[in-house]
Each structure stands twice: as structure tokens, then as C-alpha cells.
Number of protein chains: 2
Amino acid sequence: MKVKDDGQGHSGDAAELAEGERPTLKTIAFMAGLGVTTVSRALKDAPEIGQATKNRVQLIAKQIGYRPNRAGVRLRTGKTNVISLVLNAQSSIMGLTSNMVYGISEVLSQTPYHLTVTPYSLENDPMQPIRYIVETGSADGIIMSRTEPDDPRVRYLTEHGIPFATHGRTEMGIDHPFHDFDNEAFAYLSVKSLLARGRRRIAMLAGPSPAVTYYRHLDRGFSRGIEEGNAVAALFSGIDVDTSLGRIRDRMEEIMSGPNRPDGIVCCTGGAAIALVAGIEAAGLKIGEDVDLVSKQSTDVLKWFRPQIIVFNEDVRHAGRELARAVLRRIAGVDARELQSLSYPDENEPR
Amino acid sequence: MKVKDDGQGHSGDAAELAEGERPTLKTIAFMAGLGVTTVSRALKDAPEIGQATKNRVQLIAKQIGYRPNRAGVRLRTGKTNVISLVLNAQSSIMGLTSNMVYGISEVLSQTPYHLTVTPYSLENDPMQPIRYIVETGSADGIIMSRTEPDDPRVRYLTEHGIPFATHGRTEMGIDHPFHDFDNEAFAYLSVKSLLARGRRRIAMLAGPSPAVTYYRHLDRGFSRGIEEGNAVAALFSGIDVDTSLGRIRDRMEEIMSGPNRPDGIVCCTGGAAIALVAGIEAAGLKIGEDVDLVSKQSTDVLKWFRPQIIVFNEDVRHAGRELARAVLRRIAGVDARELQSLSYPDENEPR
DNA sequence: TAACTGATTATAAAGGTTTTTATATTCATC
DNA sequence: GATGAATATAAAAACCTTTATAATCAGTTA
């Protein structure tokens, strides 16, 4: 073994090994009697390095528990090895956020990527966190939700060439990776199952402002169902899925005590569904008799909820996995159009 | 303005300004006709730099939107500016994770710190993510939950001198930052309120295995309440708060159909409470008549749940804020004993 | 006059990695 | 026995920041 002293180590080279600090390429280089260049290449299986050398270097690396220094790599390559999840802090009752995070993590844990979470509040400009990430270069890819038909974030990121994937679709003629739950199908099927139970005056709790794409999908599916079934659409005014549960409950009580109350209701989140039930019962009506309720849920809590309501599941964890895979593949250069997927409502077997 | 060419720029210095790339200290240095050192110091308000220079440099920095390169800082200083939240992926129904994340983010957003999330599954060794973070040096501080009385993670991190804060206490004679909900008080008050409703045979759904500290706190508060009230503690065997909702429901139906069924029940998560109710009703009993139920919740969903159950709130978002502040202050060198806090159950006004 | 302040700014090195370019060695070919 | 190609390793530069040290310069002071 050739021992070289390049005069760079301020502590004697012999001490190099004994340091309590984390090993670097230099440590391995010293131990193997090679240059850092060769070590760097050997570790990433570069073709220029002889097999014997590779084996030796990789063995040493494993033995001393070498882990590349992220800052070094990041500085040199410009890659952060970070995916950033940007989501809003309000609309996340009942485990939507958690499941998304877990789904994404599940995929990233097999890779060198870390996940950072950047919440923003609905009062603030949704562009702000996006701009921050781009300006500071703090992530290689972004996952975001609450997509709007004409979404400035999508435009901005596309212009800047930053890989991203959205939970939800847009309608702006830009191809980008997305995963979406088929809310149109959900709303349609919901109406269908209410019709099948003989309900005729059907209402839906609206999605979060028409600015968010899935509001439109819900609406489309709902209208189609109503039309096909020759039913009457009763509208809820003054509340949507972003409204506080307290207000939803109160308004619901009002509506259900009024003259033109619906006998079937579609709702797109579990939390709101519980508030709706509270309002309905406060008005003295019984679920399953006076009125039926269908809801989407993203945890299985509603499955055990009494009174029993009709439930369709959205597997948000799966969405997280899909989105993570999509950004990663986008970063790897895969065409955006190959990274678009939809998942379909899955009716809970009644219990 | 003095123009200097240090011969380092591979692209002509004039082009330096026009680049579409992110500005660095060098960019500012060139624009101001100063050295990078001076610029670096001027930006952080170092005492060695003249006020006029500082003003000039800071103005330029703001104008061109300079943001320090994280990798550069990290490499040079060894600080990652990252806080890592380590939590387990299962026990998080009903928004516990989300609220924790949002609470932490709220605090970190005022600082240069980013939040990364590292979930692990209950089947895996909880030490694994911790070791990874320490070995790769990927965070300056850690926040973790599900603390055990004798927690190997706490021991490990303390030995390695890594700042951290736990959601939950330990019992190992090591002072470390924590924030905890007073589960003993919660259990005690829960029993009290059941007693006040005339209940005598009171049971509790156990916390997650005695290995997790708050199990003991629940137990202690529960026992004290029972004792003081001269009541009978009926035990649930075979289920705890980590059991699947389906099993909880089924087992509950069994228990409530049996001979020695309780007439008062304490439960420590909202999700489980819903499953309990399902089981109770399946056994043909009525909440509020045959039996009363008290539960802790960390979102306000249960507040609207019917039948009405007694609810105490744990403000997990607040816990997140406390924990974030605690790690940050610990990183800043504050004594661990000053970073320990408790929050108290807060009974929901009945609705 | 020379040495000393104190206030500024500059130089150089370091941190860990990757990449471009260079050097040394081996092997086959003419 | 020289030329060229192929193989194997090294050196040096670059990424951006911070810090320790050095240099400059004015105005004092001994």
C-alpha cells in the first residue's frame, strides 16, 4: 500500500483514521492508498476504474460506513436530492395530509431523496412558497395540491423548467404530471346510488370554490347523474367543503328544516359529512329514512360511523405514491404525458 | 467603482451580470467592486464592515434577489438548517400528523430552517431513522413522538449530542426538551365526568402498549379517578388504541353484549371512539343511556359527531409549535430543563 | 520619525464532492 | 523498437460560503 501525503491534511494523516468525525472520500482514499478521484469514481461504478479497485474501495466504504456528504454533492452537482410537498394548512381534516406524506415517503425512502413539507395558509398567496423554492433552489421537484383550472403555479414552474406533479388536474393546455381522483365519477356514482335508493331531490356540498379544478369535476358528474336520473338538483348555498364544520352544521340544520329540503346528499369529505349529519339530526330528520347521504372519505373512519352513510374511498396514500413516482420520473426526463394518472372511486362494502 | 478581475471567472466578468443563474456572493462582489469576504460580512452585519459599505451591499443584494446558497453554507459551517420530524406512519388517523406538521412549520417559517419528514412503520426499528439522520448528519435537530419510558432514541441522541425534542415524556433520568399532553389529567377528568353522570363500572381503551410512556399516564389518572370515586374498573382485554378500527368495533360489540359490561368508557383518540360507538350500538345499547363515552380528540370532528360523546381536546398544532420552539432553543444552547412543557385537557363545551 | 491605533477591506484556505484534463502504464500492432 | 491505442489512476478546478489572517490607510501617540 502506497502512502501518500499531499500536505493537505492539517492533522497528520495517521490521525485521519482515528477521528471521530464522519468519513469522507479522503478517508477512503487514504486507506486505500488512492486518490479521491479514483475513489469517487469507484463508488459510482464508473467504467474507467478497474474491477479490482472498485471492489476494494467499495468494501472499505461499507466497512467504515461511508455516506456521501449531501452538502458536497449538492454544491458540486446542483442537485438537492429534495422533493418538496407544498400544501395548504387548512383543508386537511381527517388525515388527508398524513396519508399523502406517508405515500410520498414510502417511495422516496427507496431513493436518496428527502421530503420537505412547506405548508401555506389559505390567506396567503399560494405562489409564495413556490417562488421561494425556485428562487432558493431548495428542491429538485415539487408536489402540490388544490390545483386550479388556470393555475399560476403550474405556469410558473413550467416556465422555469422545474419538475413537479400536481394532485389534481388543470385546464390550461400545459402537459404536466398529475395524479387525480376521478371526482366526476365519484359525484356521478354518488347520485346514482341515491337514485337507486329512490331519492329524487338531490343536493351536493360544493367543492372548494370554483377556482379549484375538482369543484368542476364534481359539478359535472353531479349534473350528469341528475340529468340521467331525471332528478331535481337542490343546491346548498352559503357553504362549501372549506367552510368550518360548525357553520356547515348550522346551515344544514336550517336547510333541512326548510320547505325544499333534499332527500339525498352528496359530500366530498368525511369531516364535512359528519357535520352534515349533525345538522340533519338537529333538524329532527333521520339518515336512511328521511334522507340519504353519500360521502367520499380518505381514512376509513366513516366506515364505522353511525348512522351508516354511503361511502366512497379515495386512497390518498396511493395518490402520494403515484405523485412521488411521477416527480422522480419527471426529474429523470420522462415525458410529462406519461406521468398522468387517475384513480377511481371505490365503494366501501357496507358493513 | 473599482473593477477588479481576479482571473477566477471562467466567463468574462462582464457576462457575470447577465447570467440567468442565481446570484452569488461573487456576483454582488463584482457589482459592488468589493471582495466576496467583505460582501459576506456586510450581509450578516459583521462589526468589521463600515456602515456605508453595508448599506450599499445590502441594497444590491436585495435588488438582485440574492439568497445564500444552502449547500455552500452547509458545507462550510456544518449546519444543515434542517429540522427532521420522525414519526410512525400508522398511529395518525384523524389529523394528528397534519396538525403536528403545521404547528412546526408555523414556527420554522420564521427562521431559515426547513422541515423534513421521516416516517417509519411500526414493524421497523424506530432507531433506524434516527441513526440514519445522525450518521448522515442530515438535520440539526429532531422532533419525535411515541416516547417510551426508557427510550433508546433519547439515549442515543443524548450521547451523540444531537438536539431533539420529544412529544411525550421519558422516565430515564435524562433531561431533554419535551412537550406533552397531560394524559394523566385527561384520564382522571374523564373518569370524574363519568362519575358525575352516575356511572360506576368504568373502562378505558388502553394506550398503545405499556412501552409508550403515555400509556402509563393514562393508567395512573384512570386508577386515581376510579379509586377516588370508589368505582369499579372494567378492563378491556385484547384491544388498545393501536388496534385496527374494525377489530376495536368487533371486540367492543362482544364486550358490550357480555355480562360485566361497563357503563362508562374512556378513550384516547377520536378514531377509536367512533369504532367504539359502532360496537356499542351494534350490541344494541345507547350512548347517553346505557353507557357514556369520553374521548380525547385532536381535530374538532368529534364535536359534531352523533351521538354526542364527552370530548376533551388536545391541541396538537400547539404541541407542534412548542416542540419546534424547543428544538430551536436547544440548538441555540438553552438548557434542556427550560424546554419542557405540558398542556392540559380542555373540555369542549357541549353542543 | 517610527511605531501604534482603529477602521476598513483583501487574501487565502477550508469544507466534500464531481468533472475536466492530464499523466503513467500496459498491450497490441506494424 | 517505435507508434498508437486502450487502460488505470492522479491532479486540479469548480461549486459557494465562512473564517483566520494579512494588508492598507488614516490619524495618533511616543
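This briefing walks through a predicted model of two protein chains with two DNA strands. As a predicted model, it is read with local features at pLDDT of at least 70 and side-chain atom pairs at pLDDT 80 or more, while totals for chains, interfaces and linings use all residues. Residues are numbered from 1 along each chain as its sequence is written, chains are lettered from A and ligands numbered from 1 in the order in which they are written, and side-chain values use heavy atoms, with hydrogens and water left out.

**How the two chains relate**

- Chain A superposes on chain B through a rotation of 180 degrees with 0.0 Å of shift along its axis, at an RMSD of 0.1 Å; the fit is by least squares on the C-alpha atoms of residues with pLDDT of at least 70 in both copies.
- That is the relation of a two-fold axis.
- The copies meet through the same surface, because 100% of the interface residues of chain A are also interface residues in chain B.

**DNA strand C**

- Around DNA strand C there are 29 residues, and the closest are A:Leu25, A:Arg41, A:Tyr66, A:Arg76 and B:Thr37; a residue counts as near a strand if one of its heavy atoms lies within 4 Å of it.
- Sugar or phosphate accounts for 59% of the atoms of DNA strand C within 4 Å of the protein, and bases for the rest.
- Phosphate oxygens of DNA strand C lie 2.6 Å from a polar backbone atom of A:Leu25 and 3.0 Å from a polar side-chain atom of A:Ser40.
- A base nitrogen of DNA strand C is 3.3 Å from a backbone N or O atom of A:Gly72.
- H5(A) contributes the most to the surface near this strand, with five residues (helices are DSSP runs of H or I with at least four residues, strands are runs of E with at least two, and both are numbered from the N terminus).
- By residue type, the surface near DNA strand C holds eight nonpolar, 14 polar and seven charged residues; Ala, Val, Leu, Ile, Met, Phe, Trp, Tyr, Cys and Pro count as nonpolar, Asp, Glu, Lys and Arg as charged, and the others, Gly among them, as polar.

**DNA strand D**

- DNA strand D is surrounded by 26 residues, with A:Gly35, A:Thr53, B:Leu25, B:Tyr66 and B:Arg76 the closest.
- Of its atoms within 4 Å of the protein, 61% belong to sugar or phosphate and the rest to bases.
- Phosphate oxygens of DNA strand D lie 2.8 Å from a polar backbone atom of A:Gly35 and 3.0 Å from a polar backbone atom of B:Asn69.
- On the base side, a nitrogen of DNA strand D is 3.2 Å from an N or O atom in the side chain of A:Arg76.
- Helices H3 (36–43) and H5 (70–77) of both chain A and chain B each supply at least two residues of the surface near this strand, and the largest share, four residues, comes from H5(B).

**Nonpolar cores**

- The largest nonpolar core has 98 residues, of which A:Ile265, B:Ile265 and B:Ile309 touch the most other members; such a core is a set of buried Ala, Val, Leu, Ile, Met, Phe, Trp, Tyr and Cys residues joined through side-chain atoms within 4.5 Å.
- A second, separate core of 46 residues includes A:Leu87, B:Ile104, B:Ala324 and B:Leu328.

**B:His167 and helix H7 of chain B**

- B:His167 sits in strand S4 (residues 164–167) of chain B and counts as buried, at 13% relative accessibility (buried means under 20% relative accessible area, exposed over 50% and partly exposed in between, with a 1.4 Å probe and protein chains only).
- The side chain of B:His167 makes a polar contact of 3.5 Å with the side chain of B:Glu314; a polar contact is a pair of N or O atoms within 3.5 Å, and within protein one must be able to donate a hydrogen and the other to accept it, with residues adjacent in sequence counting only if both atoms are side-chain atoms.
- In helix H7 (residues 127–136) of chain B, the buried residues are B:Met127, B:Pro129, B:Ile130, B:Ile133, B:Val134 and B:Thr136.
- B:Gly137 follows H7(B) and has a positive phi, near 55 degrees.

**Positive phi in chain B loops**

- Most residues other than glycine have a negative phi.
- B:Ser209 has a positive phi near 40 degrees and lies in the loop between strand S6 (201–206) and helix H10 (213–229).
- B:Asn230, with a positive phi near 55 degrees, lies in the loop between H10 and strand S7 (232–240) and counts as exposed, at 66% relative accessibility.

Methods
Contact = heavy atoms within 4.5 Å.
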